[in-house]
Each structure stands twice: as structure tokens, then as C-alpha cells.
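Here are a few short exercises to try with the model open in your viewer. Have a go at each task before reading its solution.

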Amino acid sequence: MAAHGTVNHQRNLFPKRTKELKSVVHSAPGWKLFGKVPPRENLQKTSKIIQQSFSEDQVRPLEAKTVVLLLKEYEARTGRACKPPPQSSRRKNFEFEPLSTTALILEDRPSNLPAKSVEEALRHRQEYDEMVAEAKKREIKEAHKRKKIMKERFKQEESIASAMVIWINEILPNWEVMRSTRRVRELWWQGLPPSVRGKVWSLAVGNELNITPELYEIFLSRAKERWKSFSETSSENDVEGVSVADREASLELIKLDISRTFPSLYIFQKGGPYHDVLHSILGAYTCYRPDVGYVQGMSFIAAVLILNLEEADAFIAFANLLNKPCQLAFFRVDHSMMLKYFATFEVFFEENLSKLFLHFKSYSLTPDIYLIDWIFTLYSKSLPLDLACRVWDVFCRDGEEFLFRTGLGILRLYEDILLQMDFIHIAQFLTKLPEDITSEKLFSCIAAIQMQNSTKKWTQVFSSVMKDIKEGDKNNSPALKS
């Protein structure tokens, strides 16, 4: 689509540019660029001066060749014979012809200027050779880089292909037995093949809510009725006892959020192939869980599932995923539970990145400032889509712990940069992470994060925090004050 847009842009650009050039030629021969436009009546005089200044014996070889080609084309089309302009006798024995502006340094000066000295000509030859050598060096370096990228890509494709065979033939048919084995966990860490990703996610997330495709259709029908009623009344009247202003009927927010979901893909926006599917899943969920309703960020989670699963399966995974304790706490904006998650995160933050932890503390920069957005969208908005999917792979394997481990991995990856920043710049940086972040670098940093504090693992630390934190501690995080 982007390529098509570029072609159209070029088609429109060149004719316009031609018209502009023509208008410049008719209005001012050559001096308009420098702000000096001679009067129209001097046009004929000026052209004569230009013709006298450049006689036929000074035509450059490249220009002369172009003229010869044009004349031959004219002869073939009209049947008339034309004599080509004579080649410059002065340049007849010249051993090369310039192929780019770089080679112009080797050119002789025009006959009306002093000729180059031998020393100057030698110096220009040396400078030219150096430029050519540097260009060749750059070209070789870029060629090696391209070759390396292609080699890594082929290696990755081969790895995915071989992994896919193992997942399809060995693991999935024996899911319950093999899912927790060391071999499968290691293979899982490397990333799931796209062809089995949706299936593995569904199995890993499970269906504790016992949602069926038929149940999805029921709630989708209710959502469609509500949309119809909303469009007809467009008022704040109660519909089936639930106010249009309530979360269950937050249709405008859903519509707005869909338009902002992966906008660069152009597939979820109005008119895109997945717009209606995303709208259906989000609408059905607001009817299924009116106590949660629609919350900004849900559209990204639903969109990632739609890209990997069929519509009904995506809804089932979506509803079960949002029913997990961590997601439920965040999407219901349970301040008390959110603070407990942040406090647990800080325990491991201090354990793994003590220097950066103290730096954040010196600016009173609390985890909610950057973690909320990451957790709400499960990193699908903050990271490149392919990398976010790999984070999802291991999240489905390890659960909520991995979401916070990923956050610490990001902080570790950019630790040196963050240590040089103040509060505002840290907040801005973590809100919009660099786009060139790679899975190899990030997962290397995630692997270096130890989710163990004094022999206590994540779940044990979280349980301790649950006991210690009281209701009065809600004010510890400024961003969560009501």
C-alpha cells in the first residue's frame, strides 16, 4: 500500500514539476534561481549571448552523445537525415569520461580560464582516487552488512521451520504431558512459530470461563442491538437498565480507540479488513463484562489476538486473558491491587538494577508512570509488533511475572541512557521507546534479570507485599490518587 502510494505520488509530482519548469523558462531564462529576473524583452538577446558563450567545439562528450541519440530517434521517427554536432577535437584523446559529479574534479577547465598546472592536476587525480577508494570501501561494507542480515534471516527462517515441525508433530498432540518439560520451555523461550502461535496461546491461556462460540454470538447480538438503539436514540436514556453513559455502552470510546490501533498497518481502521472484527469483539466483551466495560488499551490486546486467531477463538482468549488477576486489577483500576504489583516490581527493581533504582528514587519517579501503559496493552503498543508477540509467547508460558520481568529487561537495556536523564526525559523516553529495539538485545537483558529476592520468588514476594501494605498506602503513588 505504501509502495502504491509512492508511485501515485511520483506520477503526480513529475508532470507538475515539468509545468513549473516550463513556466520558469518562459518567464526568466536561468536567473530566477538567484533572484534576478531579466525583463521579458531581453529574452532573445540573452539566448544569443548564451549561444555565443558555448560554441559547438565546447560541447561535453556526454551531452554530445545524448544529442546523437536524440537525433537518431528523430531520424527513425520522421525519415529525415540530420547531421550530428561535431565532437570536440580538443577532448578526442582524453582517456576517460566523467560518470558522476565526483569525476568532474579531473576535468580540464574551460578554454576561457587558465589551464591547470601539473601539480594541481596530480593533486586532483589523487583526491579523485581517494574518493573512489572510500566509495568502494563503503559499498563493500554495506554489501557485507546486507549479506550478514540475509544470512541471519535465512538462519531464523530455518529455525522457525524446524521448530514448527516439532510443535505440530510432537508438542501439540501431547500438550498436557509436554508443556512443562524443559525441552518445550527452552523452545518456547526462543519464540513460537507464527503458524502455531495462536493455538499455543489459546491452550496456555485456557478457558476457565467456559466461553463457547455460541455464547460469543449471543453477546455479539446484544452488542449490535445496543449499537442500533444507540444510533437511533443518540441520547442518555437507559437501555435494559444500563445507562448509555456506563462502560457497557462506551461505543464512542471503542470507535475512537479502534482508529488508533496499529495505525501503520491500515487493517483495523474503518474500511480495513479487520475493523469490523475488532469492533465486534470489543462490543461483545462490554456486554459480557459490564462490570469491567471497555477500557483504553483493550483494543491493542484484541487486535494482536485477531491477527493470530479466528474471531470466536480470539474473543474466548481475550475474555480469559482479561480475567487473570493482574489484568483484572489494572482494567478495573483497582488502586490497591495495582499498588501491590508496583511495590513487588520495585523489590526486584532494586535487587537487579540498584543504581538505576536509586536514580529513579532521587527524582521520585514511581513505576506507575511507565508500567501502566506497558501492562494495559501487554507491550503491544510500546514495542514493535513482532517483538511484542514474542513477549506474549513467554507471558503465556510464565504468567504475569514475565510482564514485570520484561519491564526490568527494558530498563536494563537502556540503563546507561536513563542514568543520564532527568525526570521529564526519563518519562518521555519510557513512554515512547526507540523503534530500533531488537528481540535479541531485549531478551538478552530479560534473561539477565533474576526474579528471586532472598530465596523468594515473584509469587512469594507478592504475597508478602499483600500482607504488609495497608489501605493507607494508596497515596504512595501520585499518579494513582483519585
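The exercises below move from the whole chain to single residues.

This is a predicted model, in which local features need pLDDT of at least 70 and side-chain atom pairs count only at pLDDT 80 or more, while totals for chains, interfaces and linings use all residues. Residues are numbered from 1 along each chain as its sequence is written, and side-chain values use heavy atoms, with hydrogens and water left out.

**Exercise 1.** Describe the secondary structure and burial of the protein.

*Solution.* Start with the elements: there are 22 helices and four strands, taken as DSSP runs numbered from the N terminus (helices H or I, at least four residues; strands E, at least two). Next, count burial: 38% of the 482 residues are buried, where buried means under 20% relative accessible area, exposed over 50% and partly exposed in between (1.4 Å probe, protein chains only).

**Exercise 2.** Find which residues touch the most other members of the largest nonpolar core.

*Solution.* First, set the rule: a nonpolar core is a set of buried Ala, Val, Leu, Ile, Met, Phe, Trp, Tyr and Cys residues joined through side-chain atoms within 4.5 Å. The largest such core has 113 residues, and Trp167 and Leu411 touch the most other members. Then look around Trp167: beyond its neighbours within four places in sequence, its contacts (heavy atoms within 4.5 Å) include Leu172, Trp175, Trp188 and Val200.

**Exercise 3.** Work out what Pro213 of helix α8 meets elsewhere in the chain.

*Solution.* Begin with its place: Pro213 belongs to α8, residues 213–233. Pro213 counts as partly exposed because its relative accessibility is 38%. Leaving aside neighbours within four places in sequence, Pro213 is in contact with Ala312 and Ile316. The C-alpha atoms of Pro213 and Asp313 are 7.4 Å apart, although their positions lie 100 residues apart along the chain. Now turn to α12 (311–321): nine of its 11 residues are buried, among them Ala312 and Ile316.

**Exercise 4.** Locate Leu307 and decide whether it is buried, partly exposed or exposed.

*Solution.* Leu307 sits in the loop between α11 (298–306) and α12. With 32% relative accessibility, Leu307 is therefore partly exposed.

**Exercise 5.** Check the helix content of the span that UniProt lists as a "coiled-coil region".

*Solution.* The unreviewed UniProt entry gives residues 118–153; its positions follow the numbering used here, feature names are shortened, and annotations may be inferred rather than shown by experiment. In the model, this span is 100% helix and 0% strand, with its end C-alpha atoms 52 Å apart.
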